[in-house]
Amino acid sequence: MRDESPATSVRPRQPEAAAGATAVAHPNIALVKYWGKRDEQLVLPCVDSLSMTLDVFPTTTRVLLAPEAADDQVSLDGAPLAGEPLGRVTAFLELVREWAGRRERAVVDTRNTVPTGAGLASSASGFAALAVAAAAAYGLDLDATALSRLARRGSGSASRSVFGGFAVWHAALDAATPTEADLRSFAEPAPAHGLDPALVIAVVNAGPKSVSSREAMRRTVDTSPLYRPWAISSRDDLSDMRTALARGDLDAVGEIAERNALGMHATMLAARPAVRYLSPPTLTVLDAVLQLRRDGTSAYATMDAGPNVKVLCHRADADRVAQAVRGAAPQARVLVAGPGQGARLLDEAA
Ligand code: DP6
């Protein structure tokens, strides 16, 4: 990890700033989960996490400065945002303006290809794309570390979507102060060798989740007697995962990912009141994954804040795994993802 001061990482680009910018980012799926914040305002997590950025479901976001406007205007897939989702985006833009020393409001147009709020990491791709586009539009010249820190403030998991492939997000638990932790909590690429992985995604329900991950996380940390033991065991999961990735051991990667995810869901089931994202079709797909393993195929499941299942396997086995999942859950939309690229600006005239 590197220590950084804002002075080296956050530089307003001088003299002229772009009037607008467009960025694209992809969701990521955590193999060691982020679940629980120790500082909600700074979005500082209770645990380190590690993910794979996908090559499907991109989010494209255009940020155009609107010097005459009194308020930010934000639309998602052509429909204006209002209420809490709008508040989250405008709070994020305020932060960007603070970093840039600027005041102009912005017009933000976001196109999502991932179902929003369904536990398919739409906030990860969303805030990673917004961070990259807004930083450029407001004339901030940020390196990848600073972009990751910025994206984190919009949504924790977005810190990892700044990077392609595998990324580890540092919790910076040993930081002496929140300010130091804020500087040291960012994602960076995690070395992996000799892996050709796929994630078979079973969308068993594309509808928005009943409880937001933000609220579910808060409730779990505050009330679940299983939260602390999971957070402690997650440290071993992270270091075991790094070793497994570095030696390209897909079975070890999968086993760790599956146990970490099931443990996370156990913490939620023990929250008061319980948060249960897993539904009957989720369990049917989990059974199919067990059967695949019994039949000799390396396949391991992970689930986020929703009922949808992502099955990690060798890319060479992905079609067979997808077929087994379709057979088990005929109503599910099943698609195959591979490792994708990090968030980036699209080349276009402002
Ligand atoms: C279950 O990043 O959506 O997907 O920081 O409150 O926006 P906020 O939460 P978010 O939570 C993601 C939780 C998870 C696990 C993970 O991606 O690590």
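These legends accompany close-up views of a predicted model.

**View 1. Helix 8 and the elements that cover its buried side.** Let us start with helix 8, which spans residues 227-246 and holds 20 residues. From its first C-alpha to its last, helix 8 reaches 28 Å, close to the 28 Å expected at 1.5 Å a residue. Which residues of helix 8 are buried? They are Tyr 227, Trp 230, Ala 231, Ser 234, Asp 237, Leu 238, Met 241, Ala 244 and Leu 245. As you follow that list, it helps to recall that an α-helix has 3.6 residues a turn, so residues three or four places apart point the same way. The cover over these buried residues includes strand 3 (28-32), strand 6 (49-53) and strand 12 (166-169), together with helix 7 (213-223) and helix 9 (250-269). After helix 8 comes Gly 248, with a positive phi near 65°.

**View 2. Helix 8 against helix 9.** Here we stay with helix 8 and turn to one of the elements covering its buried residues, helix 9. The two helices pack at an angle of about 165°, and their axes lie 9 Å apart. Angles over 145 degrees count as roughly antiparallel, and helix 8 and helix 9 are therefore roughly antiparallel to each other. The crossing of helix 8 past helix 9 is left-handed. On the helix 8 side, the contact is made by Tyr 227, Trp 230, Ser 234, Asp 236, Asp 237, Asp 240, Met 241, Ala 244 and Leu 245. Helix 9 contributes Ala 252, Val 253, Ile 256, Ala 257, Arg 259, Asn 260, Gly 263, Met 264 and Thr 267.

**View 3. Arg 219 in helix 7.** Is this arginine, Arg 219, buried or exposed? Arg 219 sits in helix 7. Its relative accessible area is 18%, and buried means under 20%, so Arg 219 is buried. Leaving aside residues up to four places away in sequence, Arg 219 touches Val 211, Ser 224, Ala 271, Arg 272, Pro 273, Ala 274 and Val 275.

**View 4. Helix 3 crossing helix 4.** Helix 3 (residues 122-137) and helix 4 (residues 144-154) have axes that come within 8 Å and cross at roughly 125°. Helix 3 and helix 4 are therefore oblique to each other, and their crossing is right-handed. Look for Phe 127, Ala 128, Ala 131, Val 132 and Ala 135 of helix 3, which meet Leu 147, Leu 150, Ala 151 and Gly 154 of helix 4.

**View 5. An open sheet of 6 strands with mixed pairing.** The strand order is 9-8-10-7-2-18. Strand 9 (79-80) and strand 18 (344-346) stand at the edges with a single partner strand each, so one side of each has no neighbour in the sheet. Helix 2 (residues 83-100) packs on the sheet, where helix 2 touches strand 8 (73-76) and strand 10. The direction of helix 2 makes about 125° with that of strand 10.

**View 6. Strand partners within the sheet.** Strand 7 (residues 59-66) pairs with strand 2 (residues 20-25) in the antiparallel sense over 6 bridges, and Thr 22 stands opposite Arg 62 here. Strand 7 also runs antiparallel to strand 10 (residues 105-112), joined by 8 bridges, with Leu 64 opposite Val 107. Strand 2 pairs with strand 18 over 3 bridges, again in the antiparallel sense. In that pair, Ala 23 has Leu 345 of strand 18 as its bridge partner.

Technical notes:
Residues are numbered from 1 along each chain as its sequence is written. This is a predicted model: local features need pLDDT of at least 70, side-chain atom pairs count only at pLDDT 80 or more; totals for chains, interfaces and linings use all residues. Side-chain values use heavy atoms; hydrogens and water are left out. Helices (H or I, at least four residues) and strands (E, at least two) are DSSP runs, numbered from the N terminus. The expected span of a helix is 1.5 Å times one less than its number of residues. Buried means under 20% relative accessible area, exposed over 50%, partly exposed in between (1.4 Å probe, protein chains only). Contact means heavy atoms within 4.5 Å. Two strands pair if DSSP finds at least two bridges between them. Axes are lines fitted to C-alpha atoms, for helices over the stretch in contact, and angles run from 0 to 180 degrees between N-to-C directions. Angles under 35 degrees count as roughly parallel, over 145 as roughly antiparallel, 65 to 115 as roughly perpendicular and the rest as oblique. A crossing is left-handed if the near helix is turned anticlockwise from the far one by less than a right angle, and right-handed if clockwise.
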